[in-house]
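Please look through the sequence and the fold shown here before reading on. The paragraphs below take the chain piece by piece and are meant to be read with the coordinates open.

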Amino acid sequence: MIGFNKPYLSGGELENVQDAVARGKLSGDGYYTKECQKLFRSTFSLGKCVLTTSCTDALEMAAILLDIGPGDEVILPSYNFVSAANAFIMRGATLVFADSNAENPNIDLDHAEQLITPKTKVLLVVHYAGVACDMARVQKLKEKHKLYIIEDAAHAIDAKYKNQYLGSFGDLATFSFHETKNIGCGEGGMLVINNSKFEKRAEIIWEKGTNRASFYRGEVNKYEWVDVGSSFLPSELNAAYLLAQIKNVASIQAKRLQIWQAYYQALLPLHTQGVIRFFDVPVHSENNAHMFCFTVSDLERRTALLNHLREAAILAVFHYLPLHDSPYFKAKYTGRELKNAYRYSDTIVRLPMFPDLSSEEITAVCQSVKTFFNGKLE
Ligand SMILES: *Cc1c(COP(=O)(O)O)cnc(C)c1O
């Protein structure tokens, strides 16, 4: 069986975990947490980095930091993972769902702009598959309408917009180190604070609403409950594993890009024939090989293709279901039909993608995809 994903040991992970144990401190905010934050920040030229237990937690921290509450409107794509929606709705915000672009699943900024009202407080963008949203346009919307920008950069480790790393544009940005992301530690995340006015409070929210971080730096003489917060910091065990992956990001990315290119070359003829379609990637975007995906004509064909691959012992998968039409949200939705969100939901195919995928396996996957379409074309 060729799985969809397989966690990858890049070298040094297990040694680091052993060292973390030897250091005798496994709770959060120790040596490895600080090293991860420092190295991730410097590698990708980001603002202050705060390691979290997941990207979901980083998004929850973001919603608290921006003081989101009842009456606030948050614009986000419907074709998206559920975490951002949960983070805001838990604070009582009104979710305003935007459609995706026709060319790629990123948020349609024309539609997003139409949805802005005086109550809009946040525009959340997701760089789907590491394809950069138009951040110059996002910045203009921010300035014109006085919005906060959150980049959900879970797919966008080592991806760029016009030579600048994604995650460095929004007031806040979030990353995921879930095992399916470019680098990972099983479960983990990072909140990036590019707007420095949120730095101090982030540390407090992270540590259950206490000023423990200040206390350990000797800035206050007792540590107290000073704000709301939760336990958003991971164990040193996770951080130790993750540090090796951050250090080895260049070699991990070289492997991922090689796999991505092999898929691309082998499947390009099917794209040219029009039976599968790659996204139209804007020139401002630089590929980070987060996933290899394409769309097919419709849901029926997608289901048949995934079944065909499964019969060949290959696990390919689809992705998000539109959030505005989910069992939880459907009755609350009052906006227009979101055609592209449904289209991506019905037609995206994601192929196995992980650094240990061999060239024989890539060939087998591509051969199976080709056999499926040749059968259909005859
Ligand atoms: C993976 C992912 C998340 C959630 O990340 P976790 O670390 O699993 O909480 C959120 N948003 C997007 C776009 C993702 O791909």
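What follows goes from the sheet to a loop residue, then to a helix and to the salt bridges.

The model is predicted, and every statement here should be read with that in mind. A convenient starting point is the open sheet, in which seven strands follow one another in the order S1-S9-S8-S5-S4-S2-S3, with mixed pairing. The edges of this sheet are formed by S1 and by strand S3, which covers 94–98, and each of these pairs on one side only. Averaged over the sheet and with direction ignored, neighbouring strands are turned by 20° against each other. As background, strands of a sheet pair through backbone hydrogen bonds, in either the parallel or the antiparallel sense.

Two of the pairings illustrate the mixed character of the sheet. At one edge, S1 and strand S9 (residues 189–193) run antiparallel to each other and are joined over five bridges; within this pairing, Leu51 has Met190 of S9 as its bridge partner. Elsewhere, strand S2 (residues 73–77) and strand S4 (residues 120–126) pair in the parallel sense over three bridges, and here Glu73 stands opposite Thr120 in S4.

Is S1, as an edge strand, buried or exposed? Strand S1 (residues 48–52) is mostly covered, and five of its five residues are buried. In a regular strand the side chains alternate between the two faces of the sheet. In S1, Lys48, Val50 and Thr52 lie on one side while Cys49 and Leu51 lie on the other, and all of them are buried, which leaves both faces of the strand covered. Helix H2 (residues 31–43) lies across S1, strand S8 (172–176) and S9, and its direction makes an angle of about 135° with S1.

The loop between helix H3 (55–65) and S2 contains Asp72, a residue that merits a closer look. Asp72 counts as buried because its relative accessibility is 15%, below the cut-off of 20%. A polar atom of the Asp72 side chain lies 2.8 Å from the backbone nitrogen of Gly69. When neighbours within four places in sequence are left aside, Asp72 is in contact with Asp67, Ala93, Thr94, Lys119 and Lys121.

Helix H1 (residues 13–23) has a covered side, on which Glu13, Asn16 and Ala20 are buried. Seen down the axis of H1, these buried residues fall within an arc of 60°, so they line one face of the helix. They pack against H2 and helix H9 (236–247), and H2 is thus a helix already met lying across S1, S8 and S9. On the other side of H1, by contrast, Leu14, Glu15, Gln18 and Ala22 are exposed. After H1 comes Gly24, with a positive phi near 75°.

H1 also leads into the subject of charge pairs. Side chains of opposite charge can pair when their charged atoms come close, and the structure holds 18 salt bridges. One of them joins the side chains of Arg23 and Asp19, with an N to O distance of 2.8 Å. Because Arg23 and Asp19 are four residues apart in helix H1, they are separated by about one helical turn. Arg23 is partly exposed, with a relative accessible area of 44%, and Asp19 likewise counts as partly exposed, at 28% relative accessibility.

Other salt bridges reach across the chain, as the pairs of Glu113 show. The side chains of Glu113 and Arg137 meet at 3.1 Å, N to O. Glu113 lies in helix H5 (residues 109–115) and Arg137 in helix H6 (residues 135–145), so this pair ties together parts that are 24 residues apart in sequence. Both partners are partly exposed, Glu113 with a relative accessible area of 26% and Arg137 with one of 27%. Glu113 also forms a salt bridge with Lys144, whose closest N and O atoms are 3.8 Å apart. This second pair again links distant parts of the chain, with Lys144 in helix H6 and Glu113 in helix H5, 31 residues apart. Lys144 counts as exposed, at 60% relative accessibility.

Finally, salt bridges also connect Lys48, Lys200, Glu203, Arg217 and Glu219 in a network. Lys48 brings the reader back to the edge of the sheet, since this residue is one of those buried in S1.

Conventions
Residues numbered from 1 in each chain as written. Predicted model: local features only at pLDDT ≥ 70, side-chain atom pairs only at ≥ 80, totals over all residues. Heavy atoms only, no water. Buried < 20%, exposed > 50% of the residue type's maximum accessible area, 1.4 Å probe, protein only. Pairing = 2+ DSSP bridges. Axes fitted to C-alpha atoms, helices over the stretch in contact; angles between N-to-C directions. Contact = heavy atoms within 4.5 Å. Polar contact = N/O pair within 3.5 Å; in protein donor to acceptor, adjacent residues only side chain to side chain. Arc of directions from axis to C-beta. Salt bridge = Lys/Arg side-chain N within 4 Å of Asp/Glu carboxyl O.
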